[in-house]
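Here are a few quick notes on the charged side chains and cysteines, for when you have the model open. Have a look first, then read on.

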Amino acid sequence: MLEPLFSGARLQRLEKGQGLFHTGRGVREVCLVRSSQVQLLRYILRGICLVMQSATSGMCLAAASACSSAYARNLGAAHLVLHRRAEHLSSSATSTDALVGHAHDLIPAGHILWTHVTSPFVTAETYANVIACYRQALTQGHDSLMTTTLLHAFLWNEKGPLNHDRQVEKWSRTQTLTPAHEINSAVFFAPIEIYSRLNDRIGDNPYLFPLDKLTAQDITWKADFVVAEQLFLRGLALT
């Protein structure tokens, strides 16, 4: 079905292991795989290789570094402003509180939707739903919004259970427990006034916007990365 779109296109033969796209280059072409298999690989920390895409016969293939300025420039979006963070705000030791103040300096008016690259399965559709809900929540007495994941689980601390009464029922069904909201860091949404007044990315009365577990997959630890990779490779989460 895609063949007519590539009529007259240049034919390129690749040897095993030969590179096709390279990190940092602009988006110049889309390829149609005629036979065999082509994989897009990305090498990250400690030499770990992530398979970004496996294209076989009849599938399209394109690559761009989502982290590169070259990719952003090639989008041709006049409203997209790139900002390179200062070194002292870019280390693993940087406090989120410091970044809150930095965000306020960058965006002195309006509203800030704060998201993380470690939430790879939050799609444009999800963001659109979040924005619509945020606008409505502001009219209903909420001053901000953050996304959560509902936990139907037995939660304890050193003093005992947090979300169930063992005097009523020692072990109720997990599905009937009052769910707790785990902050998944996919979206924090607030007007700039919150940043000015509270030096925070949420206000005193945030609306809690639950995401399903697959969409909310947050990559914080190595095990999270393994799970996210499998979700991607098996097509179980939208990207």
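1. A word on terms: helices are DSSP runs of H or I with at least four residues, numbered from the N terminus. Keep in mind that this is a predicted model. In that numbering, Arg197 and Glu193 both belong to helix α4 (residues 192–198), where they sit four residues apart, about one turn of the helix.

2. How many salt bridges does the structure hold? There are two. One pairs the side chains of Glu193 and Arg197, at 2.6 Å from N to O. In the other, Arg197 meets Asp204, with 3.8 Å between the closest N and O atoms. Through shared partners, Glu193, Arg197 and Asp204 end up in one network.

3. On exposure, Arg197 is partly exposed at 48% relative accessible area, and Glu193 is partly exposed too, at 40%. Asp204 counts as exposed, with 62% relative accessibility.

4. Asp218 is worth a look. Asp218 is in the loop between β10 (206–210) and α5 (222–233), and is buried without a salt bridge. The nearest side chain of opposite charge, Arg201, is 9.2 Å away; a salt bridge needs the atoms within 4 Å, so this pair does not qualify.

5. What does the side chain of Asp218 have a polar contact with? That would be the side chain of Thr220, at 3.0 Å. Leaving out residues up to four places away in sequence, Asp218 touches Thr118, Ser119, Asn184 and Asp224.

6. Finally, the cysteines: the disulfide count is zero. Cys31 is buried, at 18% relative accessible area, and Cys133 is buried at 15%.

Notes. Residues numbered from 1 in each chain as written. Predicted model: local features only at pLDDT ≥ 70, side-chain atom pairs only at ≥ 80, totals over all residues. Heavy atoms only, no water. Helix = DSSP H or I, 4+ residues; strand = E, 2+ residues; numbered from the N terminus. Buried < 20%, exposed > 50% of the residue type's maximum accessible area, 1.4 Å probe, protein only. Lys, Arg positive; Asp, Glu negative; His and termini not counted. Polar contact = N/O pair within 3.5 Å; in protein donor to acceptor, adjacent residues only side chain to side chain. Contact = heavy atoms within 4.5 Å. Disulfide = S-S within 2.5 Å.
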